[in-house]
Amino acid sequence: MKVGHAFAALIIAWFAVLGCIQAVTLEVNEGNSTCIKAELSASFSITYNTSNSTRAVQVPLPDSATVDAGSSSCGTDGSSPWLVAVFGPGHALGLGFSTSGSLYSVANLTLQYNLSDTSIFPDANSSDVVTVVSSSVGISATINTTYRCVSPATFRVGGAAVTFSNMRLEAYMPGNDLSPTESVCRADQASTTAPPTTASTTTTAAPAPTPPGTPERGTYAVNNSNGTVCLLAQMGLQLNVSFFSRSQNKTVQELVNLTPNLTSSSGSCEASSATLTLTQERITTLNFTFTLNSTTNKYHLSAITLLADWSDMTAPFSASNTSLNYLRSTLGRSYMCNAEQTLAVIPTFSLNTFRLQVQPFGVTTNQFATAEECQMDQDQMLIPIIVGAALAGLVLIVLIAYLIGRKRSHAGYQTI
């Protein structure tokens with residue numbers, strides 16, 4: 001099966017070179033402004049059933065594909081931006097986008113194909129219109145930059161596969177043309193920087209990674225428009241990620257510490273929300289979103305997003321959860337937890353925090369306000385108090401027993 005997918009990808013890449021897969025330009029407009037623009041080649045590998053067998057077809061995205069104005073959107077009404085390209089009788093390719101404030105990514109990849117199209121699916125035993133969806137495909141870039149990936153990249157979408165090549169893409173555009181500043185995919189970086197290799201007849205298994213230990217505590221801040229600090233955080237962070245390892249050819253679970261002196265911070269502060277984005281060496285981006293309830297004056301960590309493109313990954317890793325309820329505290333106070341916490345995000349990603357203190361709202365004089373401590377810290381403070389009280393009680397019991405025993409022994413003697 002893997003050989004078949006690799007062969008299909010090779011055929012797609014060869015067809016692209018020969019010009020059989022056309023480059024298509026697609027734009028989503030609102031009024032006179034362009035919010036999404038894509039220049040790309042695409043091909044779809046689809047398996048379907050006939051009356052007595054299963055067939056696989058390669059379907060290129062034709063240069064006649066057009067943007068469906070009814071399904072595409074800039075997302076200005078609070079919904080997610082969408083680019084939907086339609087072609088042929090009932091076929092469509094959709095890209096849904098999301099943003100963390102400093103990054104944008106393809107959060108949804110949708111393929112629709114019509115099995116009644118006999119020119120593509122001859123002898124199909126169904127005439128259904130099939131829609132398959134995949135989320136978090138690993139296409140992401142810094143906001144106000146163009147995502148560029150010339151190398152072919154294949155993404156599984158249900159029982160089909162979508163292969164993009166010669167891709168230049170930008171969402172949440174500030175202007176009407178692609179930004180000249182580019183966020184280049186890892187495959188293109190490797191193709192331009194990898195040294196020549198020589199053939200080898202032996203393969204050595206990669207050693208298991210050494211546990212990284214407790215992460216170093218970093219200090220991170222976000223400034224508002226007038227240059228004053230509006231969000232302040234101090235914490236050690238450890239990523240717990242499960243992904244398919246290129247070197248070990250299996251799914252592995254890896255702990256990776258964020259290193260403060262290699263990590264830059266950015267973000268934004270609004271009246272009821274604040275974001276903190278940490279980027280380490282352009283291969284790891286971790287985004288926090290805090291939400292304030294103006295009625296109760298309580299805030300909490302409501303969303304975490306991770307984008308990672310590590311060298312041992314077969315594909316970029318993306319994880320996001322926007323319905324979290326961690327690090328709860330009161331407006332005008334900071335949240336503190338010195339104990340290790342594990343914040344579960346999705347089944348394949350959790351975040352471990354150490355010696356954490358954060359204040360996303362109401363920061364004054366660039367300092368933390370009085371802290372509200374987490375329950376684990378409070379429990380740890382109670383332990384020595386309880387132990388001390390128990391020891392004091394034990395000493396008191398021994399002393400009382402001694403005095404009672406002494407009194408009884410004196411009562412046993414008579415004066416002569």
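The link between C35 and C74 is left-handed, with -85° about the S-S bond. This comes from a predicted model, and in that model the two sulfur atoms of C35 and C74 sit 2.0 Å from each other. Where do the two cysteines fall along the chain? C35 belongs to strand β2, which covers residues 33–49, while C74 is found in the loop between β4 (66–67) and β5 (82–87), so this disulfide ties together parts that are 39 residues apart in sequence. Both ends of the bridge are out of view: C35 is buried at a relative accessible area of 11%, and C74 is buried as well, at 14%.

Let's move along the chain to the bridge that joins C149 to C185, where the S to S distance is 2.2 Å. Is this link left-handed or right-handed? With 75° about the S-S bond, the link of C149 and C185 is right-handed. C149 lies in strand β10 (residues 146–149), and its partner C185 lies in the loop between β13 (182–184) and α2 (186–193), so the bond connects parts that are 36 residues apart in sequence. As for exposure, C149 is buried, with a relative accessible area of 5%, and C185 also counts as buried, at 8% relative accessibility.

Further on, C230 is joined to C269 by a disulfide with an S to S distance of 2.0 Å. The torsion about the S-S bond of C230 and C269 is about 80°, so this disulfide is right-handed. Here each cysteine lies in a strand: C230 is part of β15 (residues 229–245) and C269 is part of β17 (residues 263–269), so the pair ties together parts that are 39 residues apart in sequence. Is each cysteine of this pair buried or partly exposed? C230 counts as buried, with a relative accessibility of 10%. C269 is partly exposed at 23%, because the cut-off for calling a residue buried is under 20% relative accessible area.

Now step back to the whole set. How many disulfides are there? The count comes to four, and the bridges described above are among them. If you number the bonded cysteines of the protein chain in sequence order, the pairing reads 1-2, 3-4, 5-6, 7-8. To follow this on the structure, start at C35 in strand β2 and cross to C74 in its loop, then go from C149 in β10 to C185 in the loop before α2, and then from C230 in β15 to C269 in β17.

Conventions
Residues numbered from 1 in each chain as written. Predicted model: local features only at pLDDT ≥ 70, side-chain atom pairs only at ≥ 80, totals over all residues. Heavy atoms only, no water. Disulfide = S-S within 2.5 Å. Helix = DSSP H or I, 4+ residues; strand = E, 2+ residues; numbered from the N terminus. Buried < 20%, exposed > 50% of the residue type's maximum accessible area, 1.4 Å probe, protein only.
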